[in-house]
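Got your viewer open? Load the model, keep the selection box handy, and follow along stop by stop.

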Amino acid sequence: MKPPRTTPRAKDSSTPLKKTLTTSLLYFFILGDVLGAGVYVLVGQVAAESGGAVWAPLLVALCLALLTAASYAELVTKYPRAGGASHYATLAYGPFLGFLAGFCMLAAGIVSVAALTRGFGGDYLSEFITLPVALVTILFLTALALLNARGIRESTRTNVVATVIEVSGLLLVVGLGAWIVLRGNGDMGRLTDLGTSHDGPVTAVLSGAVLAYYSFVGFETSVNVAEETRDPRRSYPRALFGALLTAGAVYVLVGVAAAVAVPTGELAKSSGPLLEVVRAAGGVPTGLFSAIALVAVANGALLTGIMSSRLAYGMARDGLLPRFLTKVLPGRRTPWAAIATTTALSLLLALTGDVSTLASTLVLLLLVVFFLVNTSLLVLRRDRVSQDHFRAPTLVPVLGALSCVLLATQIERDVWLRGLLVLAVGAGLGAIAAVRSRRPS
């Protein structure tokens with residue numbers, strides 16, 4: 001029997017990056033990444049899938065996200081300099097599946113921008129102006145691309161302000177929902193209304209959980225700052241689980257408020273579902289809340305667009321995508337080719353899909369990534385490192401992988417067709433990357 005392999009990879013003493021993130025700063029970083037635009041747009045779609053008890057699929061999605069988060073917590077603290085899902089899959093399975101994980105992350109980012117673009121052009125924008133969806137889509141994505149190409153500066157204050165605005169909007173909805181109940185206008189009976197005309201309670205909750213899962217994604221990107229975290233072994237799990245539980249509590253309360261305040265049918269038809277709660281409560285200008293929602297959606301789309309373009313640039317620089325994507329603007333040194341390409345793909349998706357379909361496609365792609373992360377953890381258990389790290393019970397990654405399979409079975413056929421096309425492209429490029437990696441340098 002071979003002795004367990006010991007690797008020095010996780011040693012971080014030689015890292016060139018300054019360790020400045022404390023547990024509290026990391027907590028707010030992850031919370032800001034998770035809390036945001038998804039719930040502003042998708043509560044109505046979740047209600048259409050699950051019935052009035054919107055809180056139930058949100059709670060189920062939180063529990064399923066925590067399973068995969070535990071796997072990330074172990075891998076991040078075991079390999080604090082690692083490059084996320086792609087790196088873990090490469091360590092466990094080799095370059096083919098490692099590339100596929102990275103490619104799915106890139107595709108998920110592009111799809112996410114498309115979904116947020118559709119959300120931006122809905123009822124929230126209609127409070128101010130009514131324009132054709134196609135025109136809003138083109139103008140919105142063009143503006144994001146120009147901002148992206150202008151460059152990235154130290155924007156912590158801007159992100160904090162945007163996050164505060166997003167959270168204040170959600171807390172306002174919770175408060176208005178409580179006010180509606182206190183004055184006797186709410187319908188508490190809808191909180192137990194599970195199922196639809198075509199789905200029973202269990203199927204309805206799982207279908208709703210697929211969409212609700214979209215609201216919790218974002219925690220996986222925090223692996224990129226592990227190298228800059230003080231004592232990541234202790235800080236990362238605390239910040240990760242604390243942020244997810246906080247986001248989950250806010251989302252469940254938002255779901256309760258929306259359910260008691262607005263009839264399920266009205267909620268399901270609206271592309272600005274939380275605006276319906278504001279209208280039902282009265283006392284708060286709908287224009288003010290719509291502005292808050294638009295800030296949340298635009299900020300989420302911009303940050304995701306920046307991430308996607310930089311990921312495409314990095315993969316191209318490593319020879320994993322066409323070299324054209326490495327072209328940068330001479331003065332600003334921003335990856336204009338990657339920005340233009342990812343924006344064009346988001347535009348195509350936004351013009352051909354609705355919010356629900358795009359959100360489900362994103363979830364499908366991330367389920368592939370999360371399945372690889374959970375199973376990679378099981379494979380890498382035999383790989384020992386010198387320092388202590390967080391360790392999840394073995395049952396957790398097993399349940400995490402099974403949860404990905406379970407949610408994938410609830411995704412509609414049309415979404416699967418889109419997803420399989422993306423996976424086929426990723427598999428083809430991954431095969432090329434695997435062949436190249438075997439060539440002697």
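Start with the whole chain shown as a surface. About 19,100 Å² is exposed, and 64% of that comes from carbon and sulfur atoms. Now switch to cartoon: you should be able to pick out 17 helices and two strands. Of the chain's 441 residues, 52% count as buried. If you draw a contact map, take the contacts with a separation of 6 or more: 85% of them join residues 24 or more positions apart.

Next, colour by confidence, since this is a predicted model. The mean pLDDT of the chain is 83, with 89% of the residues at 70 or more. Select residues 395–408 for the high end: this is helix α16, with a mean of 94. Then select residues 5–7, strand β1, where confidence is lowest, at a mean of 46. Widen that selection to residues 1–17 and you have a stretch with pLDDT below 50. In the model, this stretch still makes 32 contacts beyond near neighbours in sequence.

Time to go inside. Which residues touch the most other members of the largest nonpolar core? Select Y40, Y213 and F219: they are the ones, in a core of 117 residues. Add residues 355–379 to the view; this is helix α15, which gives the most to this core, with 14 residues.

Stay inside and centre on F219. Setting aside neighbours within four places in sequence, show the residues in contact with F219: I30, V34, A65, T68, A69, Y72, Y236, L240, L244 and F370.

There's a second, separate core to visit, made of eleven residues. Select F99, A316, L325 and A433, which are among them.

Now jump to R436, in helix α17 (residues 413–438). Is R436 buried, partly exposed or exposed? Its relative accessibility is 47%, so R436 counts as partly exposed; the partly exposed range runs between 20% and 50%. While you're here, put a distance label from the C-alpha of R436 to the C-alpha of G319. The label should read 9.0 Å, although the two are 117 residues apart in sequence.

Last stop, back on the surface. Select F128, I129, L131, L135 and L139, which make a nonpolar patch of about 440 Å². To place one of them on the cartoon, highlight residues 133–150: this is helix α7, where L139 is found.

Key
Residues are numbered from 1 along each chain as its sequence is written. This is a predicted model: local features need pLDDT of at least 70, side-chain atom pairs count only at pLDDT 80 or more; totals for chains, interfaces and linings use all residues. Side-chain values use heavy atoms; hydrogens and water are left out. Patches are made of residues with over 30% relative accessible area and no salt bridge: like charges are joined within 9 Å, nonpolar side chains (Val, Leu, Ile, Met, Phe, Trp, Tyr) within 5 Å. Accessible areas come from the Shrake-Rupley method with a 1.4 Å probe; for residues, only the protein chains shown count as cover. A salt bridge is a side-chain nitrogen of Lys or Arg within 4 Å of a carboxyl oxygen of Asp or Glu. Helices (H or I, at least four residues) and strands (E, at least two) are DSSP runs, numbered from the N terminus. Buried means under 20% relative accessible area, exposed over 50%, partly exposed in between (1.4 Å probe, protein chains only). Contact means heavy atoms within 4.5 Å. A nonpolar core is a set of buried Ala, Val, Leu, Ile, Met, Phe, Trp, Tyr and Cys residues joined through side-chain atoms within 4.5 Å. pLDDT is the predictor's confidence in each residue, from 0 to 100.
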